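User: I'd like to go through this structure with you piece by piece, starting with some local backbone geometry. Can you take my questions as they come?

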Amino acid sequence: MLRIGSGAGFSGDRIEPAVLLAERGELDYLVLECLAERTIALAQKRKLHNPEEGYDPLLERRFRRLLPILGEKRFRIVTNMGAANPVAAAERIVQIAEELRCPVKVAAVTGDEVTDRIDLEQEVLESGCPIRSYAPIISANAYLGADALLPALESGADIIVTGRVADPSLFLAPMMHHYQWRQDDLERVAQGTVVGHLLECAGQLTGGYFADPGVKDVPQLADLGFPYADIDQAGRATISKLEGTGGVITLATAKEQLLYEVTDPMAYHTPDVIADFSTVQLRQVAPNRIEVFGARGSARPSMLKVSIGYQAGFLGEAEISYAGGNASGRAELAGEIVRQRLQQEIEAIRIDCIGSTSTHRKSFTPEVVPYEVRMRAAAIAPTAELAARIGEEVEALYTNGPAGGGGVRKSVNEVIGIVSTMIPRQNTATRLTIRELSI
Amino acid sequence: MKKKLYQLAHCRAGDKGDTLILSLFPYDERDYTLLCEHVTAEKVKHHLQGIVQGDVIRYELPNIAGLQFVCREALLGGVTTSLALDTHGKSLSYALLEMEIEA
């Protein structure tokens, strides 16, 4: 039996559940998925400023906790924390290992970066506009598959660090390596992909993002444990979590995660397979223990998806609160004033009244009078100076707006846009870099 | 008798670019056919008017007693450049659960 634990579901994820899994999970592999769509473009920006950077901001904190455990237990780590710079990430891990006196072998997998290989005349999938209309482009990264990780796993490295790899592939690769599954063994590859998809968001399978008090209760949510899977030779898996950790694994939590962010459940595209979720069976075999089997698949696509990051300007945002009598009326007036004062300079300004309709753009329940309302103004502008005008005008409401406004907060943030294109698989080439520390 | 979906089912929202993805599962799997009958793509599109501008496609998954609604042009451009407060549209699962059906 092969056991794979899920130690992170996004870049900013909690570290403690991964540490617990590493210590007590009797794992063969710990996978840390830390790369969202735009995270890599932000990492590319950091690398532009400093060529030694561009990996996950929490890499250091995570490895300081995990490396000593890795030296004690016999498991391997697979992670996309390399982000825009897997080689620098591997070097940093070795430096930390040196400080902690932990011998380690780290393999960095590169080749996802295809910025100089994309055709700027090609249309992006979202809008049909040519790629060049999204200038200035920061980065283009192809989603690599499990095959890109196999040489690193064969190298015997303790830690495999990558950049853009499809999330389920991070889990599938250890399965393919351990059981020597062939790429054309579609049922096993599809089944491994489904297991990877279930695990990739970590806590979202064990009751994170699920609780609704009194309706969908989750015990000990503050101590939420992360999941692990025991996978057999045929790809059949049992998913569980550590005894004593918080959270819950039920058919309901597993079903929500199975369909999470899936745009076509009958044809879930990854670089490894096109998986069919309509044949997947979930079975509760014990408390906090789910069996998953039955996935089908067809041959992997010939094209890989590419995420392109581009500079989209600056987001200016500001808020101010109104409370008590006619709070809504005063907040709406404040928004209208800001709109009028800025309309010559900034075309599309968004005004929200937080407390009534800001989240869903409307209310699905009959009108209730809120005691307090927070007015929010936001717009994307081509320059930081122009974006800052939003905050200036909201702040000016103190002495130039309706009565009783308070608590202004304002910010300006650079916006990285993301669009997608496709690239032929053969136009990517992966490379392995090994960094080793023996003591 | 009219019932809110909230009383019968649970839902999670996900996003891919400007596409909102809503999965819907009855608490009692025997209610799956009821949901199939009443929660059609057309009704979801109507319920989410003002939010979803594009098509709504419904996928049926009897193997897990679940429905998947894929709603195009629903997130004001999508997570990276949207001006919305909830740029992912993650809270929209509870907008679907506000829908009323005959049950």
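User: Where in chain A is A:N288 placed?
Analyst: In this predicted model, A:N288 sits in the loop that runs between strand 11 and strand 12 (289–293) of chain A. Its phi is near 60°, which is a positive value in a residue other than glycine.

User: And is A:N288 buried or exposed?
Analyst: Neither extreme applies, because the relative accessible area of A:N288 is 23%, and that makes the residue partly exposed.

User: Which residue of chain B has a positive phi although it is not a glycine?
Analyst: That is B:L76, with a phi of about 50°. B:L76 belongs to the loop between strand 5 (66–71) and helix 4 (93–96) of chain B, and with a relative accessible area of 38% B:L76 is partly exposed.

User: Staying with the backbone, which residues does a cis peptide bond join?
Analyst: The cis peptide bond is between A:A135 and A:P136, with omega at about -5°. As for its setting, A:P136 is in the loop between strand 4 (104–110) and strand 5 (137–142) of chain A.

User: Let's switch to side chains. What does the side chain of A:N80 reach?
Analyst: The side chain of A:N80 comes to 2.6 Å from the backbone nitrogen of A:C34, and a polar contact of 3.0 Å also links it to the side chain of A:E33. A:N80 itself is part of the loop between strand 3 (76–79) and helix 4 (86–100) of chain A.

User: Buried or exposed, that one? I mean A:N80.
Analyst: A:N80 is buried, since its relative accessible area is 0%. If neighbours within four places in sequence are left aside, the residues in contact with A:N80 include A:L32, A:L35, A:T162, A:G163, A:R164, A:D167 and A:L170.

User: Now A:D184: where does that lie?
Analyst: A:D184 lies in the loop between helix 6 (167–179) and helix 7 (186–199) of chain A. A relative accessibility of 49% puts A:D184 in the partly exposed class, because exposed would require a value over 50%.

User: Which side chain does A:D184 join in a polar contact?
Analyst: The partner is A:R182, whose side chain makes a polar contact of 2.7 Å with that of A:D184. To place A:D184 against another part of the chain, its C-alpha atom is separated by 20 Å from that of A:A152, and these two are 32 residues apart along the chain.

User: Changing topic, in what order do the strands of the open sheet run?
Analyst: The open sheet in chain A has 3 strands in the order 9-10-13, with antiparallel pairing. Strand 9 (268–269) and strand 13 (296–298) are the edge strands, each pairing on one side only.

User: Over how many bridges do strand 9 and strand 10 of chain A pair?
Analyst: Strand 9 and strand 10 (residues 274–276) of chain A pair over 2 bridges, in the antiparallel sense. Within that pairing, A:Y268 stands opposite A:A275 of strand 10.

User: What about A:H269, buried or exposed?
Analyst: A:H269 counts as exposed, because its relative accessibility is 52%. A:H269 is found in strand 9 of chain A, and once residues up to four places away in sequence are discounted, A:H269 touches A:I274 and A:P301.

User: Last topic, the interface. How many residues of chain A are in contact with chain B?
Analyst: 50 residues of chain A are in contact with 44 residues of chain B. The area buried between the two chains is about 4,000 Å², and carbon and sulfur atoms account for 57% of it. On the chain A side, A:K255, A:R361 and A:F364 lose the most area to chain B, and together they make up 18% of what that side buries.

User: How many salt bridges and polar pairs cross between chain A and chain B?
Analyst: The rule finds 2 salt bridges across the interface, and 22 residue pairs in polar contact, with both residues at pLDDT 80 or more. One of the salt bridges links B:E29 with A:K255, where the closest N and O atoms are 2.7 Å apart.

User: Which element gives the largest share of the side of chain A that touches chain B?
Analyst: Helix 8 of chain A does, with 5 residues. Sorted by class, that side of chain A has 25 nonpolar, 12 polar and 13 charged residues.

Note on methods. Residues numbered from 1 in each chain as written. Chains lettered and ligands numbered in written order. Predicted model: local features only at pLDDT ≥ 70, side-chain atom pairs only at ≥ 80, totals over all residues. Heavy atoms only, no water. Contact = heavy atoms within 4.5 Å. Buried area = accessible area lost by both parts, 1.4 Å probe. Salt bridge = Lys/Arg side-chain N within 4 Å of Asp/Glu carboxyl O. Polar contact = N/O pair within 3.5 Å; in protein donor to acceptor, adjacent residues only side chain to side chain. Helix = DSSP H or I, 4+ residues; strand = E, 2+ residues; numbered from the N terminus. Nonpolar A, V, L, I, M, F, W, Y, C, P; charged D, E, K, R; others polar. Buried < 20%, exposed > 50% of the residue type's maximum accessible area, 1.4 Å probe, protein only. Pairing = 2+ DSSP bridges.
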